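User: Could you walk me through how to read the features of this fold, starting with strand pairing?

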Amino acid sequence: MIVEMLHRLALRLTRLLAGWLTRHPLPGASRIIRNLHLLVPGRQPGSRTTRTGSGFLLRVDPFGHKGPERVIYTNGSYEVGTQALIETLLSQGGTFVDVGANVGLMTIHAARKVGDQGRVLAFEPAPDTLDVLRTNLALNDIRNVHTFGIALGSRAGTALLQEPLGTNRGSRSLHAQVKSCVEYAVVVEPLIDVLNREQIDHVDLVKIDVEGWETEVLLGATPLLTRRPSPALIVESVDNVNENGRKETFDMLTRYGYRLFYLKHGKECLSVLREIVSAEFMPRHDNIVALHPEHEILLKNDGWMKD
């Protein structure tokens, strides 16, 4: 009983600290937020249902899968800055594409924002993670999400999804990794082919979190990204999987006419956007936001951008 009381006390403390730091981002706040889980004593692996700070339920395995699931469990949320951007860039009746949906945190957040008249397409190729995603949608009675158990890429076919040993399910990648891993084949399709098949001709926002496979997803969405109006993008920028990925992403999106930004205090916090003026300033492990003028107007009106 004492152990359980200490566990609950630690959870309450981490959630209070995480909430305060997201609203008052001190230097290094994002790193502190990501490591608050260290205050919570470990438990045996296994699924647990937790209520997020946004009020919905998520089934996670915080001690079997490190990373996002543990942070969601201990802090009550994950990437609060990203969620707030989604809130601003989407509206009722809008269309959101979640590439690398994982257990569904961003998917559910977006689904609630676009409402019953809106649409969410969630892509998650890992079968076990797809099952958790669908469970979480059912837990929250979310009915405006279409899930796809496939990966997205530049061309149709199959590819090997690699799962590094000893990490979390969010670190699975289609980009070759040097770590010891297990791998299995998954179906790959270009995003534009899926949109055409679903008869979707307009998308408001695309979120891409695919561990180094970002440029492949973008290539498969080229017709969508080069016509106007085109969607705003939130894309993970990493160099621990694909060392050339950051430059490739910058070059491709600027060629498509986007301006790129990052959150001043990182994706875990609420802070203003700063422009990325060259590839060398792309963050090493954070999200970038790709915008056209109409998106910038929305964000300026909501206080995200300073002149």
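**Reading the sheet**

Analyst: Let's start with one pair: Lys-207 has Ile-234, in strand S10, as its bridge partner. Keep in mind that this is a predicted model, where local features need pLDDT of at least 70 and side-chain atom pairs count only at pLDDT 80 or more, while totals for chains, interfaces and linings use all residues. Residues are numbered from 1 along each chain as its sequence is written, and side-chain values use heavy atoms, with hydrogens and water left out.

User: What is the sense of the pairing between S9 and S10, and over how many bridges do they pair?

Analyst: In general, strands of a sheet pair through backbone hydrogen bonds, either parallel or antiparallel. Here, two strands pair if DSSP finds at least two bridges between them. Strands are DSSP runs of E with at least two residues, helices are runs of H or I with at least four, and both are numbered from the N terminus. S9 and S10 are parallel, with 4 bridges. S10 and S13 run antiparallel, joined by 6 bridges, and there Glu-236 stands opposite Asn-287 of S13. S11 (residues 259-263) also pairs with S13 (residues 285-291), antiparallel over 3 bridges, with Leu-291 in S13 as the bridge partner of Arg-259.

User: What is the strand order of the open sheet?

Analyst: The order is S5-S4-S3-S9-S10-S13-S11-S12, so to speak a list of 8 strands with mixed pairing. S5 (145-148) and S12 (273-276) stand at the edges with a single partner strand each, so one side of each has no neighbour in the sheet. On average, neighbouring strands of this sheet are turned by 25 degrees against each other, direction ignored.

User: Which strands does helix H5 touch?

Analyst: Contact means heavy atoms within 4.5 Å. For the angles, axes are lines fitted to C-alpha atoms, for helices over the stretch in contact, and the values run from 0 to 180 degrees between N-to-C directions. H5 (residues 105-114) packs on the sheet and touches S3 (95-99), S4 (119-123), S5 and S9 (205-208), its direction making about 170 degrees with that of S4. H6 (residues 127-139) packs on the sheet too, touching S4 and S5, at about 170 degrees to the direction of S5.

User: Is Asn-136 in helix H6 buried or exposed?

Analyst: The cut-offs are under 20% relative accessible area for buried, over 50% for exposed, and partly exposed in between (1.4 Å probe, protein chains only). Asn-136, which sits in H6, is buried at 0%. Leaving out residues up to four places away in sequence, Asn-136 touches Leu-57, Leu-58, Arg-59, Val-103 and Ile-108.

User: How many residues of S10 are buried?

Analyst: 7 of its 7. Both faces are covered: Ala-232, Ile-234, Glu-236 and Val-238 are buried on one side, and Leu-233, Val-235 and Ser-237 on the other.

User: How many salt bridges does the structure hold?

Analyst: Side chains of opposite charge can pair when their charged atoms come close. The count here is 11 salt bridges, each a side-chain nitrogen of Lys or Arg within 4 Å of a carboxyl oxygen of Asp or Glu. One of them joins Arg-197 to Glu-189, with the closest N and O atoms 2.9 Å apart. Arg-197 is partly exposed at 46% relative accessibility, whereas Glu-189 is buried at 17%.

User: Where in the chain are the partners Glu-294 and Arg-228?

Analyst: Their side chains meet in a salt bridge at 2.9 Å, N to O. This pair links distant parts of the chain, 66 residues apart: Glu-294 is in helix H11 (residues 293-301), and Arg-228 is in the loop between H9 (222-225) and S10 (232-238). Glu-294 is partly exposed at 31%, and Arg-228 is exposed at 51%.

User: What separates Lys-247 and Asp-251 in helix H10?

Analyst: About one helical turn, because they are 4 residues apart in H10 (residues 245-255). Their side chains form a salt bridge, 2.6 Å from N to O. Lys-247 is exposed, at 51%, and Asp-251 is partly exposed, at 29%. Elsewhere, salt bridges that share partners join Glu-79, Glu-236 and Lys-267 into one network.
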